[in-house]
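Colleague: Got a minute? I'd like to go through this one with you.

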Amino acid sequence: MAIPRSVYPAPFNITRTSHVVLTVKDLAASRAFYCDALGFVISDEDDQALYLRGIEEACHHSLVLKRSADAPVCERVGLRVYTEDDLDRAKHYFERAGLPAALVEGPHQGRTLHVCDAVGTPLEFCASMAVRPRLVVQFPQHKGACPQRIDHVQILAPDVQGACAFYCGLGFRLSEFIAPDGTDDLMFVFLQRKGNPHDIVFANGAGPRLHHAAFSVPDAQHIIHACDMAGSFGFGANLEYGPGRHGPGHALFAYFRDPDGHRLEVFTTHYQVMDIENEPVRWNLSSLRQRSWGLPPRRQWYDEASRFLGVEPRAPARTGDPMTLEKFLAEEE
Ligand SMILES: [Fe+2]
């Protein structure tokens, strides 16, 4: 299969991944996890929702937690466009593609375009948000992991090739990809608009489902401190995978599950990639079994993910056989 090429110029200007909207059962538990332990900043809160941001972010929110008695889901993945005109161009683009598109008013973010991508992921685009102070040098307010800003989301999808083609059509660039040895059958694609390797990652799996949202932290020590703080606040068992170092993207990372099971990655950020001659980096599937250090993730890291509201996951045509912690330990015996 051919690797999709990015469309230039993009049909409308997406600047970055902006936010995720999750539902949670207990806002007090979410507040303890995200704010007390991990150090997210509260922009607004009431008895229905928490609006959180990282310490570098001037935009109102990068993480919205909405109280719900129903099973926890991800309502939408948020993306930013550059101008209000881009929002109108986006609406026309999705309508021409025969995909649902509706303009609504979003809290703290004005005109918001609700759409679904080609694999059924609920998205929302906005062109602006309410502004809050950046807390970069407000050191007394730095806590836990000291999350700086949202970086990317990862989505499990049964049609990674189709997702890649769709997002390349929106002007996303493929920075890295994983394919079985000797083929270009895309299993993982790392897609970006903002000039580092990821804004949206698609991985082969039953979906669409949200695998994780990722926030950058200042350095490796903050990943360790996040683990210490999670343990201190009773969330030690919520550390799911890591600390470790990624192959694709190369960052140091740790993955946590929040009190509702939503997955969060904190990681040291990536390299810059924006020059036109930068071709996608290829990773053979077999190479991922050769770790320079660290343990592989538990099976659940591959299989479990947050459902999107009202979206029934579809099974992938191909099921992988990843190296899991369980398999690794069995082979060591
Ligand atoms: Fe990630």
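Colleague: How much space lies in the largest pocket?

Modeller: About 1100 Å³. A pocket here is an open set of points on a 1 Å grid over the protein atoms alone, where a 1.4 Å probe fits, with protein on both sides within 12 Å along at least five of seven lines.

Colleague: Which residues are closest to its centre?

Modeller: F188, L288, W301, Y302 and P322, out of 45 that line the largest pocket; lining residues have an atom within 4 Å of a point.

Colleague: And what gives the most to that lining?

Modeller: Helix 5, with four residues; helices (H or I, at least four residues) and strands (E, at least two) are DSSP runs.

Colleague: Can I take the model at face value?

Modeller: It's a predicted model, so local features need pLDDT of at least 70 and side-chain atom pairs pLDDT 80 or more, while totals for chains, interfaces and linings use all residues. Residues are numbered from 1 along each chain, and side-chain values use heavy atoms, leaving out hydrogens and water.

Colleague: New topic: which protein donors does the iron ion have?

Modeller: H152 (NE2), H212 (NE2) and E265 (OE), 2.0 to 2.2 Å from the iron ion. Donors are N, O and S atoms within 2.8 Å of the metal (3.2 Å for Na, K and Ca). H212 in strand 13 and E265 in strand 16 are 53 residues apart.

Colleague: Is H212 buried or exposed?

Modeller: Buried, because its relative accessibility is 0%; buried means under 20%, exposed over 50%, partly exposed in between (1.4 Å probe, protein chains only). E265 is buried too, at 1%.

Colleague: What about V137, buried or exposed?

Modeller: V137 is exposed, at 55%, and is found in the loop between strand 8 and strand 9.

Terms used:
Grid points are joined across faces, edges and corners, and a volume is the space filled by probe spheres set on the points.
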